[in-house]
Amino acid sequence: MNCSSSSLQEPSNKRVKPVTKTLSANSTPQQVKVTPLKKLSLSIQRSIGSRNENRLFSFSPRTRSRDSGSAKKRSSKLWSETFDSSGEELCAREIKRQEVIFELMQGERMLVEDLHLVKKNYYEPMLKLAIMTQDELNQIFGILDTLPPLHQDLFDRLVKLRHEDGTVEQVGPTMLDWLPHLHIYKAYCCNQVAAKALLDHKRRNPAVHNFLQLCQESAFSRKLDVWSFLDLPRSRLVKYPLLLKELLKHSVPEHPDHAALSQAVSVVQAIISMINRKAGEAECEYYRKRLCYLYENQGEEDVSRSRLLLCHGELKNNKGQRLHVFLFETILVLTRLVTHNDQLEFQVYRQPIPLPELVLEDLCDGEVRVGGSIRGAFTTTNERAKNFFRVSFRDRVRGQAHTLQANDSFNKQQWVSSIRHAMVASREQNASPAASQDTPSTLINLSDLSLNCHEDRDKMEDR
């Protein structure tokens, strides 16, 4: 199940100093000396690499192949390793500042390299070999081609600030001047939902599948899938607040960079918040347009009023039919996935439930058996299922109840919590319509959940 979120999980890219040495048969192992300076540098890199900024959007984090150890690896040196003699004259706090600045610079350089790699090894070959049309490639890659100059510009600016000994005094003013250019990410991030859907659809084509598989097995890809590269800009975007906050943490209030860094943190957080809101609205609009209704009065008006899609995912009913459920900010919609003119659509199934009319029941384990009947907890003839909850109309004449099953207790509680949150927000908006117009578009973090759906035939039949 995919769910929209206000934050984004940054993949971990820990940097470890290589200390491998070859020993002869008669030699004794030599203990590698790690100076306090190197320990300090490693600790700050681990701090940056292990912390997560709030998740943004609903895409799964990048994954590596099991045999990724054989992939082409990048060299990853710390600032103190690159400019070894400089750090001996600096205090611990300043060394940490320089490590963060170095990480910022290196991240820009590597992103530019990867973006050029994407164009050279994916976009251009697929276009030349006619594996996809140019329109399809433009939809999938979006404005990716405009991003390398943007990040190359920041890298060049930071390099100009570096002294001969490798230190940088201030980056705050430079970041304040550069950060507004990140508004270009709004178009890129808003396109990601449609891009991912089209890419997944095109993967069913053997030519596309074989080409992407060959690329993933090649050394240049570092065993990463093409979507991992297309997702890199978004991942980089949400790391700026983390880096700037870390830099601010190691800058005393009297430091000449402190005030500008504090402003930069506020600026980048506001930009990301805006992009996140627009991306959430774009995702909602994308799925709204792909809903098809079998008859009138299926809640189309309530769906059209929704600006946010809180969560969605695949589930099954008691007949084994696969359904896709959408929790919009105003209504809960069950659908069937269908194909029309080679395009995926979501055919609305049964009667959608507006949130003001929704009743949510958190069912105890064992209360529902597989197949949808309720017999109590002490039955042995059929397998008893766990992690169920039920949604229905407040007025049972309005429509059928649906008993839904999450794949584990954690996911169930996330769903129950999200639906309750949506119901409360809906009641508050109805009570104060004027105030609801300014309600921020906060998306709930429920990524990678899955549900199974079983209809409660014994308790409610189709009306």
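Let's start with one residue: glutamate 367 is partly exposed, with a relative accessible area of 29%. You'll find glutamate 367 in the loop that runs between β6 (358–362) and β7 (388–393). Now look across to phenylalanine 388. Along the sequence, glutamate 367 and phenylalanine 388 are 21 residues apart, yet in space their C-alpha atoms are 8.4 Å apart. Keep in mind as you explore that this is a predicted model.

Let's zoom out for a moment. The protein chain is built with 16 helices and nine strands. How much of the protein chain is buried? Of its 463 residues, 49% are buried residues. The accessible surface adds up to about 22,900 Å², and carbon and sulfur atoms own 49% of that surface. What about contacts along the chain? If you take the contacts with a separation of 6 or more, 74% of them come from residues 24 or more positions apart.

Threonine 403 gives you a small example of residues meeting across a stretch of chain. Threonine 403 sits in strand β8 (residues 402–406). Is threonine 403 buried or exposed? Its relative accessibility is 1%, and buried means under 20%, so threonine 403 counts as buried. Its C-alpha atom is 5.9 Å from that of phenylalanine 389, although the two residues are 14 positions apart along the chain.

Now for the helices. Two packed helices are described by the angle between their axes and the distance between the axes. Try that on helix α3 (residues 92–128) and helix α5 (residues 147–161), which pack at an angle of about 150° with their axes 9 Å apart. Angles over 145 degrees count as roughly antiparallel, so that is the label for α3 and α5. The crossing in which α3 passes α5 is left-handed. Who does the touching? On the α3 side you'll meet Leu104, Met105, Glu108, Arg109, Leu111, Val112, Leu115 and His116, and on the α5 side Leu147, Pro148, His151, Gln152, Leu154, Phe155, Leu158 and Val159. Sorted by class, the residues of this contact between α3 and α5 are eleven nonpolar, three polar and two charged. As you look at those numbers, here's a handy idea: an α-helix has 3.6 residues a turn, so residues three or four places apart point the same way.

α3 has another partner, helix α9 (residues 206–216). Here the packing angle is about 155°, and the axes are 11 Å apart. That makes α3 and α9 roughly antiparallel to each other too. Which hand does the crossing of α3 and α9 have? The crossing of α3 and α9 is right-handed. From α3, the contact uses Asn121, Tyr122, Pro125 and Met126, while α9 brings in Phe211, Leu212 and Cys215. By class, the contact of α3 with α9 counts six nonpolar residues, one polar and no charged ones.

Follow the chain on from α9 and you enter the loop between α9 and α10 (226–230), where arginine 222 lies. Lysine 223 lies in the loop between α9 and α10 as well. What should you look for here? Most residues other than glycine have a negative phi, and most peptide bonds are trans. Arginine 222 isn't a glycine, but it has a positive phi of about 55°. Lysine 223 also has a positive phi, near 65°, and it is a residue other than glycine too. At 12% relative accessibility, arginine 222 counts as buried. Lysine 223 counts as buried as well, with a relative accessibility of 12%.

Our last stop is helix α12 (residues 239–249). Eight of its eleven residues are buried, so α12 is largely enclosed by the rest of the structure. The buried residues of α12 are Lys239, Tyr240, Pro241, Leu242, Leu243, Leu244, Glu246 and Leu247. α12 packs with helix α13 (residues 258–289): their axes come within 9 Å and cross at roughly 160°. α12 and α13 are therefore roughly antiparallel to each other, and α12 passes α13 in a left-handed crossing. In α12, Tyr240, Pro241, Leu244, Lys245, Leu247 and Leu248 make the contact, meeting His258, Leu261, Ser262, Ala264, Val265, Val268, Gln269 and Ile272 in α13. The classes in the contact of α12 with α13 come out as ten nonpolar, three polar and one charged.

Key:
Residues numbered from 1 in each chain as written. Predicted model: local features only at pLDDT ≥ 70, side-chain atom pairs only at ≥ 80, totals over all residues. Heavy atoms only, no water. Axes fitted to C-alpha atoms, helices over the stretch in contact; angles between N-to-C directions. Helix = DSSP H or I, 4+ residues; strand = E, 2+ residues; numbered from the N terminus. Parallel < 35°, antiparallel > 145°, perpendicular 65-115°, else oblique. Left-handed = near helix turned anticlockwise from the far one by under 90°. Contact = heavy atoms within 4.5 Å. Nonpolar A, V, L, I, M, F, W, Y, C, P; charged D, E, K, R; others polar. Buried < 20%, exposed > 50% of the residue type's maximum accessible area, 1.4 Å probe, protein only. Areas by Shrake-Rupley, 256 points an atom, 1.4 Å probe, with all protein chains shown as cover.
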